[in-house]
Amino acid sequence: MLEPETKTKEAIVRQRYAAGAKERTDKLCCPVDYDSNYLKVIPQEVIERDYGCGDPSRYLREGEVVVDLGSGSGKICFIAAQIVGPNGKVIGVDMTDEMLEVARRNAPIVAERVGYANVVFRKGRIQDLALDVELLDRQLQENPITNAASFLAADELAEELRVKHPLIATDSVDVVVSNCVLNLVEPKSKRQLFDEIFRVLKKGGRAVICDIVSDEEVPDEMQNDPELWSGCISGALTEEGFLAAFGSAGFYGIQILKRDVDPWRTVQGIEFRSITARAFKGKQGECFERNQAVIYRGPFKEVLDDDNHRMERGQRYAVCDKTYNLYKKPPYREFFEFVDPIVDVPLTEAKSFDCLRNYIRHPKETKGQDYNATTEANSKCCDGGSCC
Ligand SMILES: C[S@@+](CC[C@H](N)C(=O)[O-])C[C@H]1O[C@@H](n2cnc3c(N)ncnc32)[C@H](O)[C@@H]1O
């Protein structure tokens, strides 16, 4: 029988973290300051097997549904469980049995200590969040692969499971978090990985990802070094490549939330450091004209958003209803002034808006062409006495 000549990167990663689940491996650690209040209920075994490089849980809120990619022994899930509370839910996804075993064994202990159970751990590959690997395993035990025909049938079965029983359903998650895992996914699957994060998020949902990034492209010989690969080094995207990957998957409002000044490691002159980035889902959809306008407040002279709207500071721009409402939420809210038309255009009557066009909205469009009012001084303006 033909044997693959070398182990895949994925097999190397699985082997290394299987060992890391059994015994703490210092080499895989990048020290992180977690909020100690949340660590009190988490068993020491879990805390010791901390192979993260940041803390995405800081950006979660009460009641949210969270998926943690590459959840390892479960630390971020157990912290997140306390932040989202009993009305929220946390799903950890990992491909390594030994890590899942530690996380699942400790879940009831944490649940008892916090007084509710809102965390589950599922086996899957984060670049294929539709495939429930344990479900496929069970089916293959009943119908094992013995020849080419059964191999092809297994492929079809996997496809059917993705559709009928997805591990993580489409549009079902408020926040996807991950701590030091995306770099471990093979280059050929990275694009699919970002697409999968996008797929599972609800419209309006967000990804908050901590990962190791490099300041220069990682050369091929370093990428082929199994030790460096599984040690969260060689698979790192560059800083700009990491942020661009979110953009290519359709995210908007992509932002660095935290970037370590000091590198975690430097290898052959290339710096590898921890970064935390956030990206939002929800800019897709139809554009309608409701005569709204926005004014970019500054401080930059001009800005360009993820839909290529270019805006100069202080100018009044026509935007569609969708963009108007996106700008009213984080991460844009603080950068804009909002101008509503005097006469509201109900959404049901709104015409379509050409979002590829960038145009200045004249105040007469906001007020109406016949607007000709003359008013007394606004008493609200006099409250502080400054403009009377
Ligand atoms: C560096 S550890 C981080 C673990 C955890 N996030 C933490 O903060 O301690 C990487 C984890 O991701 C898992 N992993 C790596 N590649 C994966 C993939 N493609 N799909 C699912 N899990 C993966 C490993 O099994 C391991 O548990």
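Helices (H or I, at least four residues) and strands (E, at least two) are DSSP runs, numbered from the N terminus. This is a predicted model, where local features need pLDDT of at least 70 and side-chain atom pairs count only at pLDDT 80 or more, while totals for chains, interfaces and linings use all residues. Residues are numbered from 1 along each chain as its sequence is written, and side-chain values use heavy atoms, with hydrogens and water left out.

**View 1. The whole protein, before zooming in.** We're looking at 14 helices and 16 strands. Along the principal axes, the C-alpha atoms fill a box of roughly 85 × 50 × 50 Å. Of the 388 residues, 50% are buried, where buried means under 20% relative accessible area, exposed over 50%, and partly exposed in between (1.4 Å probe, protein chains only).

**View 2. The ligand and its shell.** There are 24 residues around the ligand, and Y51, G70, D94, T96 and Q127 come nearest; a residue is near if one of its heavy atoms lies within 4 Å of the molecule. By type, the shell splits into 11 nonpolar, 8 polar and 5 charged residues. For that split, Ala, Val, Leu, Ile, Met, Phe, Trp, Tyr, Cys and Pro count as nonpolar, Asp, Glu, Lys and Arg as charged, and the others, Gly among them, as polar.

**View 3. Polar contacts of the ligand.** A polar contact here is a pair of N or O atoms within 3.5 Å; within protein, one must be able to donate a hydrogen and the other to accept it, and residues adjacent in sequence count only if both atoms are side-chain atoms. On the side-chain front, K75 puts an N or O atom 3.1 Å from a ligand oxygen. Backbone polar atoms join in too: one of M95 is 3.3 Å from a ligand nitrogen, and one of I126 is 3.0 Å from a ligand nitrogen. On its own the ligand has 590 Å² of accessible area, and the protein covers 99% of that (Shrake-Rupley method, 1.4 Å probe; for residues, only the protein chains shown count as cover).

**View 4. N118 and its backbone partners.** Look for N118 in the loop between α5 (97–114) and β3 (119–123). Its relative accessible area is 9%, so N118 is buried. The N118 side chain reaches two backbone oxygens: that of G85 at 2.9 Å and that of A81 at 3.2 Å.

**View 5. S36 beside I79.** S36 is part of helix α2 (residues 36–39). With 49% relative accessibility, S36 counts as partly exposed. Although S36 and I79 are 43 residues apart along the chain, their C-alpha atoms are separated by 9.8 Å.

**View 6. Two cis peptide bonds.** One runs from G298 to P299, with omega near 20 degrees, and P299 sits in the loop between β11 (293–296) and β12 (302–304). Another joins P330 and P331, where omega is about 5 degrees. P331 belongs to the loop between α12 (321–327) and β15 (336–339).

**View 7. Positive phi at C180 and N291.** C180 isn't a glycine, yet its phi is positive, near 70 degrees. You'll find C180 in the loop between β4 (173–179) and α8 (187–200), and it is buried at 4% relative accessible area. N291, also not a glycine, has a positive phi of about 60 degrees. N291 lies in the loop between β10 (288–289) and β11 and is partly exposed, with a relative accessible area of 24%.
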